[in-house]
Amino acid sequence: MAGRILQIRDLTTGFVTEKGIVKATDKVSLQLEKGQTLCLVGESGSGKSVTALSIMRLIDYAGGMVLEGSIEFHGKDLAQIGQDELRKIRGDKIAMIFQDPMSALNPVFTIGDQIAESLRLHRGLSDSAAWKEAVELLRLVGIPDPALRAKQYSHELSGGMCQRVVIAIALACRPDLLIADEPTTALDVTVQAQILDLLRNLKDELGMSIILITHDMGVAAEMADRIAVMYAGVIVEEGTVQEIFNNPSHPYTVGLLQSIPGLDGDRGKELFTIQGSIPGLGQIPTGCRFHPRCPHAMDICRSQEPSDYWITQDHRAACWLFEDNKVNKSNQRKVKGGV
Ligand SMILES: Nc1ncnc2c1ncn2[C@@H]1O[C@H](COP(=O)(O)OP(=O)(O)OP(=O)(O)O)[C@@H](O)[C@H]1O
Ligand SMILES: [Mg+2]
């Protein structure tokens with residue numbers, strides 16, 4: 001499909017535990033167009049990081065594995081290829097930024113050396129060309145005095161600066177896809193906004209696509225073209241940022257949006273919370289995974305897992321409340337007068 005950089009279909013990932021294999025993501029389907037940002041949102045433990053690690057197949061190193069489904073990236077199914085080939089793709093076409101910038105940097109090398117190392121490795125640059133490019137990358141991510149800063153160590157930089165360096169390292173290979181897992185959570189609010197601005201500008205400047213993981217709906221509102229809402233390992237709702245905010249449909253999404261603190265109006269008012277907590281991997285409820293916490297739960301929700309229903313052509317929610325709009329393959333065939 002023209003412009004589509006990533007197409008994930010039915011991605012199911014599991015971890016090996018004493019009780020056997022437990023699923024961490026179940027039939028996750030997502031797509032991402034070139035130059036767009038997809039935000040993956042959901043509470044802690046909903047499976048956002050596992051999904052990101054699965055796309056990169058780093059899950060294989062975390063005691064997990066892809067059990068089913070496909071991850072089509074540039075016409076290749078990343079679920080099917082070996083780690084040697086994946087290493088090349090990871091260093092070259094897909095880059096990932098993790099939550100804690102400090103732990104991503106090596107304290108015993110200068111930041112210039114760390115960026116240059118990546119350039120030598122992935123782009124085959126000579127020592128002097130790599131150093132020059134490292135300084136350029138530091139400039140690109142908005143570090144003042146980049147030639148000077150390149151000679152410093154991570155402990156000499158603020159958290160925000162370190163995150164800029166981490167982004168520079170990720171950009172060293174000029175990735176087509178950047179996966180950023182809570183890149184601003186460890187930073188204070190002002191620096192957070194600067195880093196988000198930087199990511200937005202870099203995306204436009206370099207024509208990248210971004211998967212941004214955040215538990216902050218405010219960040220998603222600012223950054224996303226599309227939003228996928230995750231709960232207990234499944235995507236419960238997905239659509240354009242406008243659809244998700246103007247027409248949130250899954251009760252979980254509605255709850256997430258209601259729990260955003262307002263600006264002034266809410267001061268002194270008790271903040272809405274979704275009752276209960278997200279289930280652990282071994283304790284996924286039958287039927288709809290959200291039903292024990294859902295104010296609209298019906299009998300069918302307790303026994304049968306809902307499939308996707310189309311709220312609009314471009315906006316889906318996995319919730320029995322929308323049963324009439326169900327579009328699955330058999331229904332489509334019926335509509336088209338097929339078998
Ligand atoms: N290596 C692992 N082995 C076993 N279970 C794991 C492992 N990593 C994650 N999990 C489990 O998978 C589920 C999803 O975790 P994940 O880290 O993807 O959540 P998340 O949405 O990224 O949460 P957060 O917002 O806290 O980062 C959780 O129940 C978690 O305990
Ligand atoms: Mg996470």
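**Exercise 1. Work out which elements and residue classes make up the lining of the second largest pocket.**

Start with the classes: the lining of the second largest pocket splits into 11 nonpolar, 4 polar and 2 charged residues. Keep in mind that this is a predicted model.

Next, get the volume, which comes to about 470 Å³. There are 17 lining residues, and those closest to the pocket's centre are Ala95, Met96, Phe98, Ile169 and Ala170.

Now map the lining onto secondary structure. At least two residues each come from α2 (83-92), β6 (94-97), α4 (111-123) and α7 (159-171).

**Exercise 2. Describe the shell around ligand 1 and find its polar contacts.**

First, list who's there. Using a 4 Å heavy-atom cut-off, you should pick up Phe15, Glu43, Ser44, Gly45, Ser46, Gly47, Lys48, Ser49, Val50, Ala62, Glu182 and Leu281.

Second, sort them: 4 are nonpolar, 5 polar and 3 charged. Helix α1 (residues 48-55) gives the largest share of this shell, with 3 residues.

Third, go after the N and O pairs, keeping those within 3.5 Å. The side chain of Ser44 has an N or O atom 2.5 Å from an oxygen of ligand 1. For the side chain of Ser49, the distance from an N or O atom to a ligand oxygen is 2.9 Å. Ala62 joins in through its backbone: one of its N or O atoms sits 3.0 Å from a nitrogen of ligand 1.

Last, check the coverage. On its own, ligand 1 has 630 Å² of accessible area, and the protein covers 64% of that.

**Exercise 3. Find how many cavities of 30 Å³ or more there are, and characterise the largest cavity.**

Begin with the idea behind the search: a probe the size of a water molecule, rolled over the atoms, shows where empty space remains.

Then count. You get 1 cavity of 30 Å³ or more, and the largest cavity has a volume of about 70 Å³.

Now for the walls. They're made of His250, Cys288, Phe290, His291, Cys294, His296, Ala297, Met298, Cys301, Cys319, Trp320 and Leu321. Sorting by class gives 9 nonpolar and 3 polar residues, with no charged ones.

**Exercise 4. Give the helix and strand content of the stretch that UniProt labels "domain: ABC transporter".**

Take the boundaries from the record: the unreviewed UniProt entry puts this feature at residues 6-257.

Then run the numbers over residues 6-257: 41% is helix and 28% strand. To finish, the C-alpha atoms at the two ends of that stretch are 27 Å apart.

How values were computed
Residues are numbered from 1 along each chain as its sequence is written. Chains are lettered from A and ligands numbered from 1 in the order in which they are written. This is a predicted model: local features need pLDDT of at least 70, side-chain atom pairs count only at pLDDT 80 or more; totals for chains, interfaces and linings use all residues. Side-chain values use heavy atoms; hydrogens and water are left out. A polar contact is a pair of N or O atoms within 3.5 Å; within protein, one must be able to donate a hydrogen and the other to accept it, and residues adjacent in sequence count only if both atoms are side-chain atoms. Accessible areas come from the Shrake-Rupley method with a 1.4 Å probe; for residues, only the protein chains shown count as cover. Helices (H or I, at least four residues) and strands (E, at least two) are DSSP runs, numbered from the N terminus. Ala, Val, Leu, Ile, Met, Phe, Trp, Tyr, Cys and Pro count as nonpolar, Asp, Glu, Lys and Arg as charged, and the others, Gly among them, as polar. On a 1 Å grid over the protein atoms alone, a cavity is a set of points where a 1.4 Å probe fits but cannot get out, and a pocket is an open set with protein on both sides within 12 Å along at least five of seven lines; lining residues have an atom within 4 Å of a point. Grid points are joined across faces, edges and corners, and a volume is the space filled by probe spheres set on the points. UniProt positions are given in the numbering used here, feature names are shortened, and annotations may be inferred rather than shown by experiment.
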